[in-house]
Amino acid sequence: MYAAADVSLVGTFAKLADRTAVPGALPPRLNEDPSLYGHLTSGLDLTIGCEGYSDTRSLDSRFHSIFDYLCKTSQLSSSFKETIGADFLLTRKCLVDIGQAAYRAENTRIQAIRKKGVIFMCEIRKEYPSQPFGHKFEQYLTLNDRGLPHDKYERLTNDGCSKAVFRTTFTSGNKAIKVFYAAEMDAIDEERNFVELKTTSMSHDRWVQIASLSNYLQSFFGKIPYIICGRKPSFGNNVIYQVDKIQTADIPNYSGVHWKKEVCFQQIFNVLNAVKSRLQQDNEAVVFNLTQGTIYLETERAENCTFTDQAFLNYLN
């Protein structure tokens, strides 16, 4: 019997350029103009409007906006654990990477530290280079604040984003582990479904082999029923020529898929359970690499876990 995962939506917020949160704000509306889907007679040039683009996100601020959201929306109870109703506060990427590690080694190192009775968990990543083309595709496929399509020459910025907050319960046998996290949302459709927008230059068969698992887990843990995928030529031309809709629930059943979602959920449960069992007291910390198979927890120095926000922790007192 494998572990089960149940994802519940808690709320939404806009993350502003100063990393503060506006609770209740929704993602931009999906542009559902039929001419943008299927084979495109006129491709979507992803280089237009990208001059001077700079990605302003900082990896050091991954929890800042959800901390601000909690300060603005939560009635703090006697314990932080009761406030969020979870054992862990982490990133969605942690869940995706740990799940994938059931089938292949991930080049990811994860830290976890216990504070206020809750385990904070975050992946260690280097600053990544600015990649405007995926954001440009999002601009083409969403409407502006007035409900109109963006002008294709509109300057591309990445000053803020939309996020949704989730509580996911992993159950195995008579044990349950709950995690709390915020995840970026690209768009919302007319029926208020979250939508993931992606681009790829891979063929369908190559995508199934290389990217289907990560794309499935990312969408599953964001309650995203379908992905809008813009396809580029394999020779590096940044022009979208085909836009397809991929139903998230169908991905595990595609021909060529070599993984099972239940195995990934069990892998996540096992790792979370091991970390929870290890960190029995506040300020205890561990670090581990995601190698395929057994995960080895190493003791970490608490001061090395820089992703927690001391001002937020002080607010909990």
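These questions and answers walk through a predicted model.

Visitor: In which strand does S42 lie, and is S42 buried or exposed?
Guide: S42 belongs to strand β3, which covers residues 38-45. A residue counts as exposed when its relative accessible area is over 50%. The relative accessible area of S42 is 55%, so S42 in β3 is exposed.

Visitor: What distance separates the C-alpha atoms of S42 and K115?
Guide: Along the chain, S42 and K115 are 73 residues apart. In space, their C-alpha atoms are separated by 53 Å.

Visitor: In what order do the five strands of the open sheet stand, and which strands are at its edges?
Guide: The order is β3-β12-β11-β10-β9, with mixed pairing. β3 and β9 (187-188) each have a single partner strand, so one side of each is left without a neighbour in the sheet. The edge strands are therefore β3 and β9.

Visitor: How many bridges join β10 to β11, and which residue stands opposite T200?
Guide: Strand β10 spans residues 194-200 and strand β11 spans residues 226-231. The two run parallel and are joined by six bridges. Opposite T200, in β11, stands R231.

Visitor: Which helix lies across β10 and β11, and at what angle to β10 does it run?
Guide: The helix across these two strands is α6, made of residues 212-220. Relative to β10, α6 runs at about 160°.

Visitor: Which strands pair with β1, and in what sense?
Guide: β1, residues 4-15, is joined by eleven bridges to β7, residues 161-172, and these two run antiparallel. In that pairing, S8 stands opposite R167. β1 also pairs with β2, residues 21-23, over three bridges, where A14 has V22 as its bridge partner. The strands asked for are β7 and β2, both pairings being antiparallel.

Visitor: Which residue in the hairpin of β1 and β2 takes a positive phi?
Guide: Five residues lie between the two strands of this hairpin. The residue with a positive phi, near 75°, is R19.

Visitor: Where is D68, and which backbone nitrogen does its side chain reach?
Guide: D68 sits in helix α1, residues 64-73, and is buried at a relative accessible area of 17%. Leaving aside neighbours within four places in sequence, D68 is in contact with T20 and A21. The side chain of D68 reaches, at 2.7 Å, the backbone nitrogen of A21.

Visitor: Why are K93 and D97 separated by about one helical turn, and what is the distance between the closest N and O atoms of their salt bridge?
Guide: K93 and D97 are four residues apart in helix α3 (residues 92-100), which means about one helical turn between them. K93 is partly exposed at 30% relative accessible area, whereas D97 is buried at 4%. In their salt bridge, the closest N and O atoms are 2.5 Å apart.

Visitor: How far apart in sequence are the parts tied together by R109 and E298?
Guide: R109 and E298 form a salt bridge with the closest N and O atoms 3.6 Å apart. R109 lies in strand β5 (residues 109-115) and E298 in strand β14 (residues 298-299), so the pair ties together parts whose separation in sequence is 189 residues.

Visitor: How many salt bridges does the whole structure hold, and which residues are joined into one network?
Guide: A search of the whole structure finds ten salt bridges. One of them is between K198 and E196, at 3.5 Å from N to O. Salt bridges that share partners form one network, and its residues are K81, D87 and K276.

Visitor: How many residues has the largest nonpolar core, and which helix gives the largest share?
Guide: The largest nonpolar core has 50 residues, and F88, M121 and F288 are among those with the most contacts inside it. The largest share, seven residues, comes from helix α7 (residues 261-278).

Visitor: What does F288 contact, and how many residues are in the second core?
Guide: Beyond its neighbours within four places in sequence, F288 is in contact with residues including I98, M121, V271 and L297. The second core is separate and includes I66, L70, F312 and L313; its residues number 24.

Key. Residues numbered from 1 in each chain as written. Predicted model: local features only at pLDDT ≥ 70, side-chain atom pairs only at ≥ 80, totals over all residues. Heavy atoms only, no water. Buried < 20%, exposed > 50% of the residue type's maximum accessible area, 1.4 Å probe, protein only. Pairing = 2+ DSSP bridges. Salt bridge = Lys/Arg side-chain N within 4 Å of Asp/Glu carboxyl O. Polar contact = N/O pair within 3.5 Å; in protein donor to acceptor, adjacent residues only side chain to side chain. Contact = heavy atoms within 4.5 Å. Core = buried A, V, L, I, M, F, W, Y, C linked by side-chain atoms within 4.5 Å. Axes fitted to C-alpha atoms, helices over the stretch in contact; angles between N-to-C directions.
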